[in-house]
Amino acid sequence: MKPGNDRLARRVEQQAKRMQRAERERPTLLAQTVYLGSLGLMFILPVVGGVYLGHWLDGRLAGYSMRWTLSLLFLGLLVGAFNVYWMIKSHE
């Protein structure tokens with residue numbers, strides 16, 4: 001056997017083992033559902049918390065204002081997006 005063929009055979013064998021391992025370790029439907037639910041909560045909770053806190057702060061000020069509500073809504077969106085990004089990157 002030529003040296004190039006031997007190297008090719010080893011790489012094919014490694015790829016086959018990697019594919020078999022990936023098939024065995026594939027997450028179940030329940031695990032995928034829990035993962036997606038966690039992503040959703042990690043995004044939604046900062047948004048809802050920001051809106052709630054902003055609404056409360058706006059209620060403490062005199063007059064009609066939505067400054068804190070909108071500001072903390074956008075901050076919650078940024079924090080939620082960062083949470084989702086961080087969780088996806090940590091599971092790769």
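Trainee: Let's start with A22: which helix is it found in?
Mentor: This is a predicted model, where local features need pLDDT of at least 70, side-chain atom pairs count only at pLDDT 80 or more, and totals for chains, interfaces and linings use all residues. Residues are numbered from 1 along each chain as its sequence is written, and side-chain values use heavy atoms, with hydrogens and water left out. Helices are DSSP runs of H or I with at least four residues, strands are runs of E with at least two, and both are numbered from the N terminus. On that basis, A22 sits in helix α1.

Trainee: What is the relative accessible area of A22?
Mentor: Buried means under 20% relative accessible area, exposed means over 50%, and partly exposed is in between (1.4 Å probe, protein chains only). A22 counts as partly exposed because its value is 46%.

Trainee: How far apart are the C-alpha atoms of A22 and V12?
Mentor: Along the chain, these two are 10 residues apart. In space, the C-alpha atoms of A22 and V12 are separated by 15 Å.

Trainee: How many salt bridges does a search of the whole structure find?
Mentor: Side chains of opposite charge can pair when their charged atoms come close. For a salt bridge, a side-chain nitrogen of Lys or Arg has to be within 4 Å of a carboxyl oxygen of Asp or Glu. E13 and K17 make one, with their closest N and O atoms 3.4 Å apart. The search's count is two.

Trainee: How many residues apart are E13 and K17 in helix α1?
Mentor: Both are partly exposed, E13 at 45% relative accessibility and K17 at 49%. Their spacing is about one turn of the helix, and in residues that's four.

Trainee: And which residue forms a salt bridge with E23?
Mentor: E23 is partly exposed at 48%, while its partner is exposed at 53%. The closest N and O atoms are 2.9 Å apart, and the partner is R26.

Trainee: Which residues gather in a patch of positive charge on the surface?
Mentor: Patch residues have over 30% relative accessible area and no salt bridge, with like charges joined within 9 Å and nonpolar side chains (Val, Leu, Ile, Met, Phe, Trp, Tyr) within 5 Å. Lys and Arg count as positive, Asp and Glu as negative, and His and the chain ends aren't counted. One member, R11, is in helix α1 (residues 3-24) and counts as exposed at 55%. The full group is R11, R18, R21 and R24.

Trainee: What area does the nonpolar surface patch with L77 cover?
Mentor: L77 lies in helix α3 (residues 67-90) and is partly exposed at 31%. Y64, M66, L70 and F74 join L77 there, and the patch comes to about 540 Å².

Trainee: What is the relative accessible area of G80?
Mentor: G80 is also found in helix α3. G40 is 40 residues away in sequence, yet 9.0 Å away in space, C-alpha to C-alpha. G80 counts as buried because its value is 0%.

Trainee: Stepping back, what radius of gyration does the protein have?
Mentor: The protein has three helices and zero strands, and its C-alpha atoms fill a box of roughly 85 × 30 × 10 Å along the principal axes. The radius of gyration is taken over C-alpha atoms, and the globule rule is 2.2 Å times the number of residues to the power 0.38. A compact globule of 92 residues would be near 12 Å, but this protein has 24 Å.

Notes:
Areas by Shrake-Rupley, 256 points an atom, 1.4 Å probe, with all protein chains shown as cover. Charge placed at Lys NZ, Arg CZ, Asp CG, Glu CD.
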